[in-house]
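Dear colleague,

Please find below the structure we talked about handing over, together with its sequence. My notes on it follow directly after.

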Amino acid sequence: MTGSWGWDLLIGIVVALLVAWAALIATLALVRPRKGLLREALRLLPDVLRLVRRLAADPELPRGVRVRLGLLLAYLAFPIDLVPDFIPVLGYADDAIIVTAVLRSVVRRAGLEAVRRHWPGTEDGFVALCRLTGLAAPDTTS
């Protein structure tokens, strides 16, 4: 391409990163919660962050679950977002979308009992979390 091995490598890496970023943006757009669930996810974010921290520290959970949660916490602590905040809708919601997607897989693997044991919020918040993650909502009529 350019005749210089170093420049060709740099251009290839930049192109690969741009393609990967575009694929991640498309994935975020596809897995975002529907029907007002995104608003609930943003409202629950503080309780969900405490839940993630508690689940990541639980030695009874499988190692794969704890690794996913640790990677999620590292992503959330990183100051640069996957989607810049100036992009409408997805800009501010990317953290909530990623947390929701990871929680869906973690909660299905860890189970309802572990999540219930570590949930720091209200019962209404737990019901909303169950809706977000696709778990069967607990019976609150008793």
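E60 is exposed, with a relative accessible area of 65%, and its side chain meets that of R117 in a salt bridge, 3.8 Å from N to O. This pair links distant parts of the chain, since R117 belongs to helix α5 whereas E60 sits in the loop between α2 and α3, 57 residues apart. Please keep in mind throughout that the model is a predicted one.

R117 itself is partly exposed, at a relative accessible area of 47%, and it has a second partner, D58, with which it forms a salt bridge whose closest N and O atoms are 3.0 Å apart. Here too distant parts of the chain are linked, R117 in helix α5 with D58 in the loop between α2 (37-56) and α3, across 59 residues. D58 has a relative accessibility of 6%, and because the cut-off for buried is under 20%, it counts as buried. Taken together, D58, E60 and R117 are linked in a network of salt bridges. As a general point, side chains of opposite charge can pair when their charged atoms come close.

The structure holds four salt bridges, and one of them joins R116 to E123, with the closest N and O atoms 2.9 Å apart. Both partners are partly exposed, R116 with a relative accessible area of 37% and E123 with one of 34%.

Helix α5 (residues 112-118) also contains H118, which at 13% relative accessibility counts as buried. Which residues does H118 touch, once those up to four places away in sequence are not counted? They are L51, R54, L55 and D58, so that D58, being within 4.5 Å of H118 by the definition of a contact, is a residue that also forms a salt bridge with R117. L112 is found in helix α5 as well; with a relative accessibility of 29% it counts as partly exposed. Between L112 and C130 there are 8.7 Å from C-alpha to C-alpha, while the two are 18 residues apart in sequence.

Turning to helix α3 (residues 63-77), its 15 residues reach 21 Å from the first C-alpha to the last, which is close to the 21 Å expected at 1.5 Å a residue. Within α3, V65, L69 and L72 are buried, and, seen down the axis of the helix, its buried residues fall within an arc of 55°, so they line one face. The face of α3 turned away from that buried side carries the exposed residues R63, L71 and A77.

Of the residues in α3, L72 deserves a few words of its own. At 3% relative accessibility, L72 counts as buried, and, leaving aside its neighbours within four places in sequence, it is in contact with V52, I98, V99 and V102. One of these partners, V52, is 20 residues from L72 in sequence and 8.4 Å from it in space, taken from C-alpha to C-alpha.

On the surface, W7, L10, I11, V14, V15, L18 and V19 make a nonpolar patch of about 650 Å². V15, a member of that patch, is found in helix α1 (residues 5-31) and counts as partly exposed, with a relative accessibility of 45%. For the protein as a whole, about 8,800 Å² is exposed, and carbon and sulfur atoms supply 65% of this area.

Finally, the overall picture. The protein has six helices and zero strands, and, read along the sequence, it follows the pattern α-α-α-α-α-α. Buried residues make up 34% of its 142 residues. How much of the contacts with a separation of 6 or more is accounted for by residues 24 or more positions apart? The share is 61%, and the salt bridge between R117 and D58 is a case in which distant parts of the chain are linked.

With best wishes

Conventions
Residues are numbered from 1 along each chain as its sequence is written. This is a predicted model: local features need pLDDT of at least 70, side-chain atom pairs count only at pLDDT 80 or more; totals for chains, interfaces and linings use all residues. Side-chain values use heavy atoms; hydrogens and water are left out. Helices (H or I, at least four residues) and strands (E, at least two) are DSSP runs, numbered from the N terminus. Buried means under 20% relative accessible area, exposed over 50%, partly exposed in between (1.4 Å probe, protein chains only). Patches are made of residues with over 30% relative accessible area and no salt bridge: like charges are joined within 9 Å, nonpolar side chains (Val, Leu, Ile, Met, Phe, Trp, Tyr) within 5 Å. Accessible areas come from the Shrake-Rupley method with a 1.4 Å probe; for residues, only the protein chains shown count as cover. The expected span of a helix is 1.5 Å times one less than its number of residues. The arc is that of the directions from the helix axis to the C-beta atoms.
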